[in-house]
Amino acid sequence: MSDKSKAPQPWKIRKSAMVVNEKWYKLRRDEVELPNGHVMDDYYVSVRPNVVLVFPLTEDGHVIFVRQYKHAAGNIFIELPGGVIDDHETEPLEAAHRELLEETGYTCDHLEPLLEVIDNPTKDTNKIYYFIARNACQVAEQDLDISEHIEVLKVPLQEVESMVTSGKINVAGSIALCLLALRKLGV
């Protein structure tokens, strides 16, 4: 039996102010009181929108990935399609369909919710919603933002695990969703 006096407790927010409030980045400074009474007056939190990530599997057994440059890391990455849930979207499912179509030109009749995870609970506020898209098929050309230049890759399902374990896919969210989807699919 656990000792309740040692169980983790939430921090109390004494004051909170947005110190950066731009379209693409929001940073909040909190003054917090820890359960032991210690006060920290400079705990910074990135206020980030929730995002979706999709594991699109085609009828012929291929997984659709995107390959693109990511500026913060200064490199080109292979990832699963996904992105931010826009303000007007009420459901992650809606954003998952939109992001899949915009980034790849693919869609599907049914997106299966797989898991809701927290990206970086120490410093970020957002959740990631994972989906599997079975029988994904191309129905359009990409509809990319001005900052996006995305190559669409079609990878045989049997090669996905080795791409993860060899580091060819090395973005945390994509790694997690790939492994969860492979397990769900019994691969």
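Tutor: Let's start with a definition: a residue counts as buried under 20% relative accessible area, as exposed over 50%, and as partly exposed in between, using a 1.4 Å probe and protein chains only. The structure is a predicted model, where local features need pLDDT of at least 70 and side-chain atom pairs count only at pLDDT 80 or more, while totals for chains, interfaces and linings use all residues. Residues are numbered from 1 along each chain as its sequence is written, and side-chain values use heavy atoms, leaving out hydrogens and water.

Student: What makes Q158 exposed?

Tutor: Its relative accessible area is 63%, and exposed means over 50%, so Q158 belongs in that class. You will find Q158 in helix α2. Q158 and G61 are 97 residues apart in sequence, but their C-alpha atoms are 8.4 Å apart in space.

Student: Why is N135 called partly exposed?

Tutor: The value for N135 is 48%. Partly exposed runs between 20% and 50%, so N135 fits there. N135 sits in strand β10, and its phi is near 55°, a positive value in a residue other than glycine.

Student: What makes a stretch a helix or a strand?

Tutor: Both are DSSP runs, numbered from the N terminus: helices are H or I with at least four residues, and strands are E with at least two. Here they come to three helices and eleven strands. From the N terminus on, the order is β-β-β-β-β-β-β-α-β-β-β-β-α-α.

Student: How do you know that the span of helix α3 agrees with its 14 residues?

Tutor: The expected span is 1.5 Å times one less than the number of residues. For α3 (residues 172–185) this gives 20 Å, and the end C-alpha atoms are 20 Å apart, so the two values agree.

Student: Which residues of α3 are buried?

Tutor: They are G173, S174, L177, C178, A181 and L182. These residues cover an arc of only 155° around the axis, taken from the directions to their C-beta atoms, which puts them on the same side of α3. On the other side, A172 and R183 are exposed. Just after α3, G186 has a positive phi of about 75°.

Student: What do the buried residues of α3 pack against?

Tutor: Their partners include β4 (51–58), β9 (111–118), β10 (127–138) and α2 (157–165). Contact means heavy atoms within 4.5 Å.

Student: What makes β4 and β10 a pair?

Tutor: Two strands pair if DSSP finds at least two bridges between them. β4 and β10 have eight, in the parallel sense, so they meet that rule. One of the links is V52, whose bridge partner in β10 is Y129. β9 is joined to β10 by seven bridges and runs antiparallel, with E112 opposite I132. Strand β8 (residues 106–107) also runs antiparallel to β10, with two bridges, so it too reaches the required number of at least two. There T107 stands opposite C137.

Student: Why is the sheet with the order β1-β2-β3 called open?

Tutor: The sheet has three strands with antiparallel pairing. β1 (12–21) and β3 (39–46) stand at the edges, each with a single partner strand, so one side of each has no neighbour in the sheet. Neighbouring strands are turned by 20° against each other on average, direction ignored; the axes are lines fitted to C-alpha atoms. β1 pairs with strand β2 (residues 26–33) over eight antiparallel bridges, and the bridge partner of K12 is E33.

Student: Why is E33 called partly exposed?

Tutor: Its relative accessible area is 25%, which lies between the 20% and 50% limits, so the name fits. Beyond residues up to four places away in sequence, E33 touches W11, K12, R14, H38 and V39.

Student: How do you know where the domains begin and end?

Tutor: The bounds come from an automatic or database domain assignment, which gives domain 1 (12–47) and domain 2 (51–185). Their contact takes six residues from domain 1 and four residues from domain 2. The C-alpha centres of the two domains lie 31 Å apart.

Terms used:
Axes are lines fitted to C-alpha atoms, for helices over the stretch in contact, and angles run from 0 to 180 degrees between N-to-C directions.
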